[in-house]
Amino acid sequence: MPLLQTVDLTKSFGGIRAVERLSLSLGDSQITGLIGPNGAGKSTVFNLITGFLPPDAGRVLFNSKDITRHSPHKLVELGLARCWQGVRLFNNLAAIENVAMAVKRPSKGGRFSGLIIGWTPISGFSREIIEKARHYIEMVGLAGKSRDVVADLSFAERKLVSIAMLLATEAKLLLLDEPASGLDAKSLTRTMFPLLFKLAEAGRTLFLVEHNIELVKECCKKVFFMHHGALLAEGTPEEITRDSELKQIYFGT
Amino acid sequence: MTDLVLSLLFNGFVVGCRYLVAVLFFTLVQTSIEVIHIAYGGVIVLAGCAAFITIKLGLPIWLALLTAMLSGVVLSTVMELVIYRPLRRKQASNMIVMLVSLGMLYIIQSSADLILGGLTSRLRPEMALSFSLGPLVITDAAIWTMIGATVVSISLLFLLYGTSIGRSLRALSSNRQLARSAGIDVNRLALVVFSLSGIGAGLFVILEGLDLGIRAYMGFDIALISAFATIIGGFGSLSGAALAAVLIGMAKDTFPLYFATVWQQLLLYLCIFMFMLAKPRGFFGRKVWKAEL
Amino acid sequence: MKKVQIAVLVVLFSCTFTVFGHTAPATKYDQYKIGINQALSGPFSLSGQAYLFSMERAINEINQAGGIDGVPMKLIAEDHKGKNEQALSNLVKMATIDKVPVSIMGFTGPMMVCAKPAEEYGMLLFNHAAGMTGLEKSIGKNSFHIMANGAWDLYVGLYYAIKELKLKRIGVAWSNYEEGLLSRNMIKTIVPKLGGSVVGDESFPLGNQDFSAYIPKAKTWKADAIYYIGALEWIYFKDAYDLKLKVQQMGKAVTMAFPELITIYGKACEGNLWIGAETYGPWLTEKGRAYREAFKEKFKFYPAFIDQNLYDFPYLMRDLILHAKKAGGDYYTADRLRAALLELCGNRDYKLATGTSFKLDPKTGFAVYPFVIYRTTYNPETKEYYYNVVKSYTMEETMAIRKAGE
Amino acid sequence: MDYVFLVGSSICIYAVLGVCLNLIFGYGNIGVVCSASFFGIGAYTSALLTLAGWNFFPTMLVAIAVGALLSMVISLPALRVHWDYLVIITIAFNILMYQTMLNLQDITGGSFGIRDIPPIELFGFLFKTRLSYFLLTLVFAPLCFLAVRYVANSMYGISLMAIGEDELAAKSIGKNVGLHKIMAMAIGMSLTAAAGSLFSHQSTYINCESFTLHDTVLVLSIMIVGGMGNLWGSIVGAFILVSLPELLKFVGMSSSVAFRVRELIFGLAIVLVLMLFPKGIMGKEQPAEGRVKHMLKQKS
């Protein structure tokens, strides 16, 4: 049974239908891709799923639990986290602090617990939080940089930090918005691919919007193809890339 | 009763028109240069001083208007060159810019206090001409105010939609990055906008001076009203701001219909506050989040 | 950077505290310091420069005449912009650093803030603004009121309007600050006693010049007379004229002077009544006339009552000092000066330098002046407007009128 | 010396206001600009209760509670709009509160205010003299500062800073933005009200003229001149902006122009400081360094 499922998801800005009755379902612990030409509404789908935009119609199911119109922080608690296309970090904090910020804290005592627990340590993060953060930083291979202020890091490193933050939320399902964009081929093959595989093995489910066909071919087991807000096709990367008309739509040739 | 309603509405409308003159230029600066130009009140006050001195020298009112406009233009451009442009270059936050602007307002007001003293100075040696029209009593100041408001609105419309400057201004206010990359020179435009606002200040202060008189500390109030009108109209919408200005003026004068005038100010600001709560984007404002997603 | 900041901080602290800590050496009367603690600038100052001019002129005159037995007078001027905190800090500065035993000040709020501390610091306060209406009982034993109290204006004015002019329906236009509020309440109590009725009262914020909402409403009152309380009378009368509010207007004579304004607004307030202490009329003395002309020279208009008070004040102080000195000892202190004041002016006429005479009510610490009612009148020969004294009451009559009101 | 004590006590009080605003605006980047209203509410509450015969601590607690409650009203728009809208909205609120204080004459005495407020009495000791009052504020201010600093450095505080920096990012890693903002305002504004309840005893009299928009602007300038997001900065700012006008009283000038010139200098000072240090005198705190050192300690 699927981990994430959207039923007739619909959203329009003004007159434009950004997403049109979109229904898709994600299997557990695998890497799934969402591709399509620019303006197909991929990012909007992410925003709808993660509760940053309210859908006009349709439902979103997570673990067959209706999470439509849940607020983002609730979704993260449930185990569904996303990162942004243009990386969003807290620029005047150190890398490890950024990660520590995201580390999931034991949520006993209901919704205020986050705050109440927040009071205890005088100076920022408690030891175990730091330990966890360090673990995730090492996981994405930034152990050396952990103490630098992220404003000084390179774009690729910032991207890795943002992914480390995503991991730190301990969410089951991670939505990555263009993880490959802005990375050169070397850092792509050397860091990103293995990282994604490692995550999949670790039992995380990845759902990524991606333009980089290489990455999609390499990593994704299943691919959804969107066009004009509607789902055109789904299948293995091979099937999708073989289909000539989709190619035409995608590359506009 | 109807007489009371009519005359209150009319007086309110005139007050609104007077606000409109100042508000339009304030909003123009706000939308195009993205400066919350609190010091605009100061520009108005200084223009007032210029007009006051001209009248004191026994010169006619139209000359006073010219000197007021001129001084307004000079002060605004100087302010842009000395204060705002360096801050833009340093990429100071809006908050800093706003506070610097406020400091400028204080400086100008206290120096104007040296010229005007605590007294309220009128800009004409004789009384207003007023005639009755049914229940209404219409003064020449009121007529001038309405004419001024119309002229300002029309000429701004022409400027925005009829000229190349206007086109680039609109481009700037709709999307800065794009406009910049399209090679629009913000500094040049800023100069234009600020000098325009100076002219506006001159006109406003003459209208105010004809009707009520000029005092050194009126700058803060009008800056405040302008800021509110800008919000209520919705950031980046001139027509909205104009509408808001007139509405504020009329609302201010319609409350006394049902309440004692003690409550006038309270009710006015209660309404403004409530409106902002209910409709933070104002009449014709853009969405905030959409830009960020 | 941090170091620099800390350094800046330290320097600031040290210099401030050296400045603050340094107090004037407590010299024994090589000069008599008197203070003024008023709104000398800022939105509430009607004309701070005029205040200072009047006071400095008087002090210079005294000093040129050889001071007080050879000891010169010195003015310590501080500006509270109508703000209570400023007034308080000014008072404390005067008392502790400048060691000034006596100060003149204005505004009800600041006066209320300073009354009690003044007693702590042994400082004598004189209020010269028009306010404190109906507050006789409430200010401390060191606070006096050398200016005709606002309350008396109301008693006399209303008496004249209702009893003599038979104007029964009284409306009130009051500016929403201390004095306006208190006066409004007083009028509401006085008018019925005199057999009139308050047909309406509307207010506007202090400093507000826009009467466009008020005037149409006032028209609906059908009042015989409207009593205006607050600053900016001129704007008010102009608006009333422009918007054709035709009714007997009455106002306090406090800021009546300004002939410049009367040339502009005279038409607007032709026939208006001004109620004030009998002060602006006679200008009996040589000094008074000289001051008045010098004032006109500088400010283009004649001194108002508030200015004139400040001119009179140093002379009053001189007399008090001389009187206190007779008994010898440490005489330049609040207590001795208060005693002298009560002996000189308490219940007996005292002639101010400008020629007006008043007497002090020892119980309340408020001055009592004979009252006069002026009417703005047009003079066809000289083609100008002037204040025509239509009625003047002697001090006894004023007292009697007040009794009738209470 | 009483003069120094008086100035000192108002420096302390304004430092508290600045620090509170700094938590809300400097850290949380919530453009709430109505300190004076909450200051005034605290003052009026405790003045009225003191006249009704209450002791100091209960009155202050009530003042704090009222402040916290009213901050909810502000948090309504604060959760919805961007900070620069919020600045204007809260300015409107500020004038609204001033007008309320001015016109609810039965409660606040209107423009005439409240008289004969007795001095603070604690454990039988009357804080009557300037010195004792100054010492009281000198105890009160550091307590507030420590409280706010504790909050700012706690996990919660860092999350707040993160929210202030990038709301969307904070949301996407599961921060409950609304709750954090409400908390920030509740804490800041209730402390502001507490400061107000202390202020109401400074002299025996208060009226609404002490709680105008201009006082809010003073607090705002204190925060910005000192440096947004830097609590120490607010103290420096308070020291400069409160003591500068007092210092200028000692600058001898021909007195008829002196006062306007002083105000002019005050304006100039603000402008110059901000032109020279666009981030405020103390600049923005770099939270990374201190805490990362702390982490190193943990490693070893």
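What share of the contacts in chain C between residues at least 6 apart in sequence join residues at least 24 apart? The share is 67%. Keep in mind throughout that this is a predicted model.

**Stop 1: chain C**

Select chain C and colour by secondary structure. You should find 13 helices and 15 strands. Now colour by burial. Of the 406 residues in chain C, 57% are buried.

**Stop 2: the four-stranded sheet of chain A**

Move to chain A. Select strands 2, 1, 4 and 5; in that order they form an open sheet, paired antiparallel. Its edges are strand 2 (16-26) and strand 5 (65-66) of chain A, each pairing on one side only.

Zoom in on strand 1 of chain A, residues 4-13. Seven bridges tie this strand to strand 2 of chain A, and the two run antiparallel. Pick A:Phe13. Its bridge partner in strand 2 of chain A is A:Ile16.

Next, add helix 1 of chain A, residues 42-49. What does this helix lie across? It crosses strand 1, strand 2 and strand 4 (57-62) of chain A. Against strand 2 of chain A, the helix runs at about 65°.

**Stop 3: the six-stranded sheet of chain A**

Stay in chain A. Select strands 6, 7, 8, 3, 9 and 10. They make an open sheet in the order 6-7-8-3-9-10, with mixed pairing. Strand 6 (80-83) and strand 10 (230-235) of chain A are the edge strands, each pairing on one side only. Look along the sheet: neighbouring strands are turned by 20° against each other on average, direction ignored.

Inside this sheet, isolate strand 3 (residues 31-35) and strand 9 (residues 222-227) of chain A. Are these two parallel or antiparallel? They pair in the parallel sense, over four bridges. Label A:Thr32 and look across to strand 9 of chain A: A:Lys222 stands opposite. In general, strands of a sheet pair through backbone hydrogen bonds, either parallel or antiparallel.

**Stop 4: the largest nonpolar core**

Bring back the other chains. The largest nonpolar core has 436 residues. Which of its residues touch the most other members? Select A:Val99, A:Ala164, B:Leu24, D:Val16 and D:Ala92. Then show helix 1 of chain D, residues 2-27. This helix gives the most to the core, with 19 residues. Nonpolar side chains tend to be buried together in soluble globular proteins.

**Last stop: B:Leu24**

Centre on B:Leu24 and hide its neighbours within four places in sequence. Its remaining contacts are B:Val152, B:Ser153, B:Leu156, B:Gly200, B:Leu238, B:Ala241 and B:Ala242.

Key:
Residues are numbered from 1 along each chain as its sequence is written. Chains are lettered from A and ligands numbered from 1 in the order in which they are written. This is a predicted model: local features need pLDDT of at least 70, side-chain atom pairs count only at pLDDT 80 or more; totals for chains, interfaces and linings use all residues. A residue is buried if 20 or more other C-beta atoms lie within 10 Å of its own, exposed if 12 or fewer, and partly exposed in between; C-beta atoms are placed from the backbone. Two residues are in contact if their C-beta atoms, placed from the backbone, lie within 7 Å. Two strands pair if DSSP finds at least two bridges between them. Axes are lines fitted to C-alpha atoms, for helices over the stretch in contact, and angles run from 0 to 180 degrees between N-to-C directions. A nonpolar core is a set of buried Ala, Val, Leu, Ile, Met, Phe, Trp, Tyr and Cys residues joined through C-beta atoms within 7 Å.
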